[in-house]
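Q: Could you take me through one part of this model slowly? I am new to reading structures.

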Amino acid sequence: MKITKQEVERVAALARLELSEEEIEKLTPQLDHILSYVAKLDELDTEGVPVTTHTQSVTNAFREDEVRESLPREKALANTAKENGEAFVVPKVVG
């Protein structure tokens, strides 16, 4: 697998990262090396190996839900950069 400079730039843009030309030049071979290593995992025979979601056998590590008072809207919106009185206002990301 070979990752290109354009793919690194695209991923950086999607992640909203501003990378310098020097950083892109440095990251491209590093990411290519990482992806080449991960591609080696495709060579493993995993036939008959059960799917693992946790490294330890955990049945249910979640607490019970309980109803309690929530944070007042004014307090929740107090430290935001932009709000409209009801919710956070954020820039459009999709598109």
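Which residues of α2 are buried?

A: Happy to help! This is a predicted model, where local features need pLDDT of at least 70, side-chain atom pairs count only at pLDDT 80 or more, and totals for chains, interfaces and linings use all residues. Residues are numbered from 1 along each chain as its sequence is written, and side-chain values use heavy atoms, leaving out hydrogens and water.

The buried residues of α2 are I24, T28 and D32; buried means under 20% relative accessible area, exposed over 50%, and partly exposed in between, with a 1.4 Å probe and protein chains only. The cover over these residues includes α1 (5-14). An α-helix has 3.6 residues a turn, so residues three or four places apart point the same way.

Now look along the helix itself. α2 covers residues 21-39; helices are DSSP runs of H or I with at least four residues, numbered from the N terminus. Its 19 residues, at 1.5 Å a residue, should span 27 Å, and the end C-alpha atoms are indeed 27 Å apart. That expected span is 1.5 Å times one less than the number of residues. At L27, α2 bends by about 25°, and the proline P29 follows within four residues. The bend is the angle between axes fitted to the seven residues ending there and the seven starting there.

Finally, find Y37, which also sits in α2. Y37 is exposed, because its relative accessible area is 59%.

Definitions and conventions. Helix = DSSP H or I, 4+ residues; strand = E, 2+ residues; numbered from the N terminus. Contact = heavy atoms within 4.5 Å.
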